[in-house]
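Got a minute to look at a model together? Here's a quick briefing on how its chains meet, with a pocket and some charged pairs thrown in.

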Protein chains: 2
Amino acid sequence: MLSERQRLILNAIVDNYIHSAEPVGSRTISKREDIGFSSATIRNEMADLEELGYLEQPHTSAGRVPSTKGYRFYVDNLIKPHMLSDLELSKLKQLFAERIHHFEQVIDYTAQILSHVTNYTAIVLGPEIFEQRLKHIQIVPLNETQAVAIVVTNTGRVENKLIDLPQGVRPQEIEKLVNLLNSKLTDVPLWQLRQRLYQEVAGEMRRHVEQYEEMLQILEESLQRQEGERVYLRGATKIMDQPEFRDVDKVKDILELLEQNDQLVHLFGPPTEGITVRIGQENQLDAMKECSIITTSYYIGGKPVGTVGILGPTRMEYSRVITVLNYLAEGLSRMLTSQFEK
Amino acid sequence: MLSERQRLILNAIVDNYIHSAEPVGSRTISKREDIGFSSATIRNEMADLEELGYLEQPHTSAGRVPSTKGYRFYVDNLIKPHMLSDLELSKLKQLFAERIHHFEQVIDYTAQILSHVTNYTAIVLGPEIFEQRLKHIQIVPLNETQAVAIVVTNTGRVENKLIDLPQGVRPQEIEKLVNLLNSKLTDVPLWQLRQRLYQEVAGEMRRHVEQYEEMLQILEESLQRQEGERVYLRGATKIMDQPEFRDVDKVKDILELLEQNDQLVHLFGPPTEGITVRIGQENQLDAMKECSIITTSYYIGGKPVGTVGILGPTRMEYSRVITVLNYLAEGLSRMLTSQFEK
DNA sequence: TGTTAGCACTCAACCGCATCGAGTGCTAAA
DNA sequence: TTTAGCACTCGATGCGGTTGAGTGCTAACA
């Protein structure tokens, strides 16, 4: 367990390093107002903290830098709440002032604002498809052999897929089928769709629809491909503002990762209640070993539907970002709930 | 006008620089098989070429580097057709082998393959909305006050928009309206929709639909917002493989530009028949002054629907990229035509 | 007259070396 | 227990010399 003084010093070092990006020496710390000890005392404590694994030394005659463990302790125990500045507040409020109807635009704009306010990369996932319910299904024939299947959810999200029609199917047949599907499947959660398709629709279909076999298969296929979450990425280049990422190779690793949307979902892990912080090597992916990721969930009517997150260097302003994320996720949830709940 | 020998030398210099990324000296050139002159002769010619503006010298005791004018002459007059290697061919054919139904997926996959084959950044725009025709329109009420308006085009593209309903509108009204719209507007090109809405539907609507005014306004709004072209960007990080972009600041300028989709449309300019090459400062945007962009159009049934392009350093393999783009655009056009034409 | 060998010159890149200074660990005194 | 003092470490910075690729110019050559 760390002594009170050790905590004080660790806190001072992390704070300082976050803002300077330079290894911090004992003198710098001893001159801080909140510290009343000489540099020599600090040096002793620093040596101890290093032995305990909270600090690291780039080389013998340099100051100390927090280790992953150091940041972890800082985030878990030392962090002080950040007060949002007027500027931050006014930027954030832009989002809520805007009256955007389109779900995807709201989310995209959220990511944009978030990156702009924090000066880090913003990533927003959402919405979790399996929380959504079917509102309407439609099949639009394009020509003899092709059609578009369209699924609309209660949140106003529209998924569509091009499908091949069985030979010689008649428009009336399709219409009949669509009516059947809508009467049976409306308000069913998306993840149950395939199951319910067999339970409740298949029997009826066999009786009323020609080419029952083919159509069923096509339907299943088109319901299956609902992608999971969509990824909204903004401010990816912000990472290059950080002095520790002045190196093209480092940046490249990170941006390449960000280019692959599927990897991002991995990075975020399962949605959790409240703020989650992943620091440096705590992220499995190697390219992220010098980055931290802070995430939280947003809700519609109390149900989590997606995740918002910030990606920055391990040396990121944890306190500020956490406050911003909390504020934003709460506001976003309120906004979405009032707009999209049932 | 350049002499035959000057062309030969300019060609050799550009070729060499493209592959080495180092300023080329007279000795290097004189040793090439296709050149039969001593380094001294080459030096004289190089001095002339520099005076004429085709070459530049980073500093006195360095070799020469092609200027924008030099590249331009190379591209217009000297380039030799590139033979696609087996590897390139097999990668390109992956695209045509795949049987993807979804338009957007085809385009996205195209960008992916293109970047992978060329090792440069690939950008694909499309499809041009105004070439598409309305296939089906649908309005799905979500609750008392909101609905989703969905527009399906003949290429299978689906656009959707959340709309506010006028107070107290009845579902039957909406159904009536949708039927009316579909019967009047099917097969109308998207760009004519608004106009035709007034010409052909408004009168009928007034007679048959309650809350005529509000609905008309809402409809117009929802048809209006059809975004122009979509942008598919792949391999943005490839630029960092280039030795002249080892500098984070340069890379940042470029990637920031690429993050803004609207800027990209600018960059491509209006679609043209055949290959277009924009070299260095020929691009208006300052961040692009060390980049070249090669574009060409792709077609559905003989009509241009979008643009594919490659972004690389000015020192890019023009010949190879042009061949790849030609081959790919042709194949893509064939593929899309067989799949989507009316 | 065009080409080429030869040569002096230029200049970025590289290397070694000395210096500087921020920061350390240790010791001894307060 | 704290702190002043001091020797020590080592990256960063700066400077002079060397190297070598490449040039322009001149004079000889075919």
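What follows is a short rundown of the interface, the salt bridges and one pocket.

Keep in mind that this is a predicted model. Chain A and chain B bury about 3500 Å² between them, and 4 salt bridges are counted between the two chains. There's also the second largest pocket to look at, with a volume of about 700 Å³.

**The interface**

- On the contact count, 42 residues of chain A meet 42 residues of chain B.
- Carbon and sulfur atoms give 58% of the area buried between chain A and chain B.
- If you want three residues to click on, try A:His101, A:Leu162 and A:Val248: they supply 17% of what chain A buries against chain B, more than any other three residues.
- Polar contacts across the interface of chain A and chain B come to 12 residue pairs, with both partners at pLDDT 80 or more.
- On chain A's side, the elements giving two or more residues are β4, β5 (146–153), β6 (158–164), α10 (248–259) and α12 (318–340).
- Of that side, α10(A) brings the largest share, with 7 residues.
- Sorted by class, the side of chain A that touches chain B has 15 nonpolar, 14 polar and 13 charged residues.

**Salt bridges**

- As general background, side chains of opposite charge can pair when their charged atoms come close.
- Between the chains, A:Lys252 pairs with B:Asp241 in a salt bridge, and their closest N and O atoms are 2.6 Å apart.
- Over all chains, the structure holds 36 salt bridges.
- Within chain A, A:Arg5 and A:Glu45 form a salt bridge at 2.7 Å, N to O.
- That pair ties together distant parts of the chain, 40 residues apart: A:Arg5 sits in helix α1 (residues 4–20) and A:Glu45 in helix α3 (residues 39–51).

**The second largest pocket**

- Its lining is made up of 22 residues, and those nearest the centre are A:Gln138, A:Glu175, B:His136, B:Gln138 and B:Asn179.
- Both chains chip in here: β4 (134–141) and α7 (171–185) of chain A, plus β4 (134–141) and α7 (171–185) of chain B, each give two or more residues to the lining.
- By class, you get 12 nonpolar, 8 polar and 2 charged residues in the lining of this pocket.

Note on methods: Residues numbered from 1 in each chain as written. Chains lettered and ligands numbered in written order. Predicted model: local features only at pLDDT ≥ 70, side-chain atom pairs only at ≥ 80, totals over all residues. Heavy atoms only, no water. 1 Å grid on protein atoms, 1.4 Å probe; cavity = no way out; pocket = protein on both sides within 12 Å on 5 of 7 lines; lining within 4 Å. Points joined across faces, edges and corners; volume = space filled by probe spheres on them. Helix = DSSP H or I, 4+ residues; strand = E, 2+ residues; numbered from the N terminus. Nonpolar A, V, L, I, M, F, W, Y, C, P; charged D, E, K, R; others polar. Contact = heavy atoms within 4.5 Å. Buried area = accessible area lost by both parts, 1.4 Å probe. Salt bridge = Lys/Arg side-chain N within 4 Å of Asp/Glu carboxyl O. Polar contact = N/O pair within 3.5 Å; in protein donor to acceptor, adjacent residues only side chain to side chain.
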